[in-house]
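Colleague: I'm new to this one, and I'd like to know what stands behind the labels people use. Could you show it to me first?

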Amino acid sequence: MCGIIGCVTKGNCYRYLISSLEKLEYRGYDSAGIAVLSEAGLAIRKKKGGVKNLFGEELSGRAGIGHTRWATHGAPSDANAHPHVCGKFALVHNGIVENYAKLREELSAAGETFLSETDSEVIVKLIARSYTGNFFAAVSSACSRLEGSYAIAVLCEDFPEEIVCAKYKSPLIAGASSSALFVCSDVPALSGEAEYIAAAEDGEFIHIRGGEIDFCDGAGRRIGKKFSKVTETSLGGRRRCATYMEEEIFEIPRALEDTLAWLNAADFAPCARAMRQAKKVFAVACGTAYHAALLFKDIVEKEVRIPVLCHTSSEFRYRDPLVEEGDLVVAVSQSGETADTLEAARLARERGGFVLAVTNVSCSSLSSLADFTVVMRAGPEIAVAATKSYNCQLLCLYYIAAQLCFYKKTQMPAYMPELASLPEAARASFKTFPAMDMLAEKLRGAQSMYFLGRDRDVRTAAEGALKVKEIAYVFAEGYAAGELKHGTLALVERGFPVIAVSTRADLAKKTENALEEVKSRGAYTVLLSQYGFMEESCADFKCKLPSVSEPLMPVISVIPLQYFACRMCLLRGYDPDKPRNLAKSVTVE
Ligand code: F6R
């Protein structure tokens, strides 16, 4: 959940550290810090709060490490901020040391005193205690004592132009350009800086020294690694909106175009056998990606007529899931680093499942453990709340469902030729934004609200509710409209907002009936639909959606809700890019 960066540069490393940390801030932003190494030794600056608190006089040196934190052990504070220092060593860490209490006890008994409450400080203490002149060996030896997850970058005063890094279950990327060598948690942190990148696997080390960057095993033996050219669009230069979230909503049409181009050019042949054989399918994901997975279940069960068992990744491994040899397991994750989804995918593979990943990051951990990866081309998503990646996940999942039909020789879905119209429909959906501005203004003071739908619109309702909770801090729930009478109706009173999404013509009347029910109890009713029946509708507030083929409407109907949540957030005075308590990629269980 934290972001780490390390670099050895031809000039001063300070600028690189600060600019990469700013790009990594979406991973955590409750404290930040850097360590810069020069002939004079280590210089440390670390502070509670965001990266901007590190601005000031340049620290000078060619090797440095940096960290932006999402607190797990110890509250956000200057002392708990990374880097942590012991003797000649400074360390930044992303992950959780699960046996830290035992190690801390052991180190305390040996006379060490701790300056922070973090689990990470034990690592730097272990390194310092193992050191007998061989920097790499000290880091490797310390790592052998750790349980849990870690991506670390370490500096040592005896080696002014070296960094030693290790990875286990937390992401670590190496990057290179003609002027600098890097390690970091995520590719976007290196955009505009690194020209080539390569991802470390669990158990691997990265050693920057003598102007080279090497991947090694624990004994320091080099591992051949292929670096690939950075293709991700540079961040930061294209902002036309005040926040990343707004910008990312406006990028949806382009993201859909790029994803469609990737899908149309992709060769699904490596999935052919698994798709042909699969008698059942699993889908695993968290949060927004889980809503996409639920929609996948709806599509596959309708179009392919085989069962799809959809699980939140965090529950999957504790349920002794029914995965058997030959099952197809679709793991959906924007970041490709969500710890629970990675564990779910690992378990599925162990049980003989074929893991098909849908991710936005081609060199992610999920992608490296999957049997096949569908890469959505949403482009880097910086705002913590997922928007464009959700629309692209849906597009990929519609496409995968069609591939299943193809390999199972069932009728191809009628929506297939219509996929090409999605980018234009997404563009057209922006016309709903003035209405959503008005709605957000009207509801800005709401304490709670319901989102309703039927069939696939239930998924959109759930996603709309999640967005509103996450960034506007308004309690919201998404329900199947037919469930109202079974309990939730009790909460409806005068002025209570109920937002219904209705995109299936044959169910429209039923959804309107639900609105009638809540309206007669005083609710403020809102209806989003692409149909003309809205004129006679009972809704207090109506918003006409652009039209695409009915089964594909979830890709479009969610866009006004994403925008609505963002407007609510801004009107209530919050930052949509950095919701409290949350981080973009949840790399711990
Ligand atoms: C909500 C949101 C989260 C993520 C979830 C999974 O807006 O962003 O719910 O969807 O943490 O993240 P990924 O897709 O990276 O696995």
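Modeller: Sure, and one term to start with: a polar contact is a pair of N or O atoms within 3.5 Å; within protein, one must be able to donate a hydrogen and the other to accept it, and residues adjacent in sequence count only if both atoms are side-chain atoms. By that cut-off, Lys-467 qualifies, because an N or O atom in its side chain is 3.0 Å from an oxygen atom of the ligand. Keep in mind that this is a predicted model: local features need pLDDT of at least 70, side-chain atom pairs count only at pLDDT 80 or more, and totals for chains, interfaces and linings use all residues. Residues are numbered from 1 along each chain as its sequence is written, and side-chain values use heavy atoms, with hydrogens and water left out.

Colleague: What is the distance from the side chain of Thr-338 to an oxygen atom of the ligand?

Modeller: For Thr-338 the N or O atom sits 2.4 Å from the ligand oxygen. Glu-470 has a polar side-chain atom 2.7 Å from an oxygen atom of the ligand. The protein buries 90% of the 400 Å² that the ligand exposes when taken alone (Shrake-Rupley method, 1.4 Å probe).

Colleague: Why is Lys-388 called buried?

Modeller: Buried means under 20% relative accessible area, exposed over 50%, and partly exposed in between (1.4 Å probe, protein chains only). Lys-388 has 1%, so it counts as buried. Its side chain makes a polar contact of 2.6 Å with the side chain of Glu-251.

Colleague: And what makes Met-275 buried?

Modeller: Met-275 has a relative accessible area of 0%, so the label buried fits. The C-alpha atoms of Met-275 and Asp-327 are 8.6 Å apart, with their positions 52 residues apart along the chain.

Colleague: Why does Lys-409 count as exposed?

Modeller: Lys-409 reaches 73% relative accessibility, so it counts as exposed. Its phi is near 55°, a positive value in a residue other than glycine.

Colleague: What makes Asn-581 exposed?

Modeller: Asn-581 comes to 63% relative accessibility, so exposed is the right word. Asn-581 also has a positive phi, about 70°, although it is not a glycine.

Colleague: Which residues does the cis peptide bond join?

Modeller: That bond joins His-82 and Pro-83, with omega about 0°.
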